[in-house]
Amino acid sequence: MPVQQSPLKRLERHARDRALDPAVVEQRGQDWASLTWNELYRRVIDGAAGMIEAGVNPGQVVVIRVPTGIRQLELELATRVAGAVPLLLPEHMDPREVGRLLDEIQVRLVIVDDESRLGLLRWAGLTQAQLFECDDRSWERLRGMGLERRKRQPDVLSWVDSVRGRTPSSAVLGLPREKALAWLFRPESSGTLEDLTADDVVLLTGEATDRFTTVVRDAHLTAGCTLAWVETPAQLEAALAHVSPTHLLLDHVTAKVLEELLVAATIDGVPWHETPQEVLEATSAQVAEARLRGRTRKLAADVTALAPWWGDRLRVLVLDARVNRTISGLATVLGFKLGRIAHHPAIRLDLAREHSVVDVPSPPPTTLDADASLPRRGRGGTELDSAFSLSGASGS
C-alpha cells in the first residue's frame, strides 16, 4: 500500500476488508481486551470528530500522555484523523526543555489520564491549550460529541483528509540530547516492518514514546495485522501465552533482558529446564560449531523444551538492540528468522514550518438545549465535570 495513504483511508480499508478481525489486543489486569478493525475505526472517527468539535484544527498539536495500550492507540489515531499532530514526550525529558519545545509550537490539546502526568509540562506556557482528562467516561463522551458532529457535518473528516493531503501525520517524539538542546523528530525506519501482512499477529513491547514502538504502530496501521502491545518485560511471558504471535518485536529495554527472561521462563507454570543457563550456552556453542562432549551435546538438544514458550506460530523475532550469540543460536535451532529494523537518523523537525493550521468549516446551525453545552472547567478548577474536563475557552 502506498506510504502516502492517509490514516483515515487506511482505517476505512481495514474496517471494510477485515471488519471482524482483531486489530489490537492488550492486557488489563489478569484479563485481556481487544478491538476489531471495525470497532477501532468507529471509535477513532468519532474521537477525531469530537476533537474537532472541541476546537482542534488541522495542523495543530495534541500532546498525549496516557498509559501504553488500546487507549493510547485510539487517541493517537484520532488525533491523526482529525488532521492534528500527536506529540509524545518521554518521561525522562527535562521539564524546562519540554517547556521550550512546546512554547515554539501550537499545542491545542493536552490529553492525560491523571493529573500527575502534567508535571513534565510544568514549564510550558500552553496559553492556547485545552486540557482533556481522559478516563473511560470522558472518552465515551468525547466520542459522543464526535458522533453528533458527524451527523451535522457528515463530510467533516473527509474534508480534513483532503486538506492535509500528503502532509506527514505520524507521531512526533521529543528527543533528549546530551550536551545539546532537545529536538522534536518523526521516527522513520526500514526493514522487517515493510514485510508485515494482514494475516500476521505482532506482539510488541515498549513505551509509547519509544521510536521503535512508534514505527511499529504505523506499520500496524499500514498492514492491517493484529497488534498486541505490552509495555514491560514482566508482561512478556503472559502475552506470549495468550497471543501466540507470528512476529515478536522487542524494544531495547526488553531486548537487553531477554536472556534473563529465558533463563527464568516457565511453561504452564513450570520451569522449562533444571539448568536453563547451561542449555542456552550449550546451544550457542553448538551453533558456533564448537566440539561438544556428551553431556553438553545432550544439553544443547534440550533447548527444544523451550519452544512452547514462544507460542506455536512464531516466525520472526526482532530485537531493537544488538543480537548476541545466545539469542542468535536459539533462533537458529528453533527456526525463527531474526528480523531487523533500521532506524533512520533523527532529523530535527520544525513543526511550526511543516504544518500550517487550517480552520475547519462550521457545521450547519442547529438548536441546542442549554444542558447540551460542552462541559468545561475554568483554569481555577471551578465547575469541574469529573467525566469530561476541558480547560480554556473554546475560542482560545
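**Strand 5 and the salt bridges**

In this predicted model, strand 3 (residues 61-65) lies parallel to strand 5, the two being paired over five bridges. Strand 5 (residues 107-112) is also joined to strand 6 (residues 130-133), again in the parallel sense, by four bridges. The structure further holds 24 salt bridges, several of which are described below.

**Strand 5 and its partners**

- All six residues of strand 5 (six of six) are buried, so this strand is largely enclosed by the rest of the structure.
- On the side of strand 3, Arg-65 has Val-112 of strand 5 as its bridge partner.
- On the side of strand 6, Gln-130 stands opposite Leu-109.
- In a regular strand, side chains point alternately to the two faces of the sheet.

**Salt bridges between distant parts of the chain**

- Side chains of opposite charge can pair when their charged atoms come close.
- Asp-218 and Arg-10 form a salt bridge in which the closest N and O atoms are 3.6 Å apart.
- This pair connects distant parts of the chain, with Asp-218 in helix 7 (residues 211-223) and Arg-10 in helix 1 (residues 7-17), 208 residues apart.
- Arg-10 is buried, at 4% relative accessibility, whereas Asp-218 is partly exposed, with a relative accessible area of 24%.
- Arg-315 and Asp-200 meet through their side chains in a salt bridge with an N to O distance of 2.9 Å.
- Here too, distant parts of the chain are linked, the two residues being 115 residues apart.
- Arg-315 belongs to the loop between helix 12 (294-301) and strand 15 (316-319), and Asp-200 to the loop between strand 9 (189-191) and strand 10 (201-205).
- Asp-200 is buried, with a relative accessible area of 4%, while Arg-315 counts as partly exposed at 42% relative accessibility.

**Glu-26 and Arg-28**

- A salt bridge joins Glu-26 to Arg-28, and the closest N and O atoms of this pair are 2.4 Å apart.
- Glu-26 has a relative accessible area of 10% and is therefore buried, the cut-off being under 20%.
- Arg-28, at 46% relative accessibility, is partly exposed.

**A salt-bridge network**

- Four residues, Arg-43, Arg-71, Glu-74 and Asp-136, are linked to one another in a network of salt bridges.

Key:
Residues are numbered from 1 along each chain as its sequence is written. This is a predicted model: local features need pLDDT of at least 70, side-chain atom pairs count only at pLDDT 80 or more; totals for chains, interfaces and linings use all residues. Side-chain values use heavy atoms; hydrogens and water are left out. Buried means under 20% relative accessible area, exposed over 50%, partly exposed in between (1.4 Å probe, protein chains only). Two strands pair if DSSP finds at least two bridges between them.
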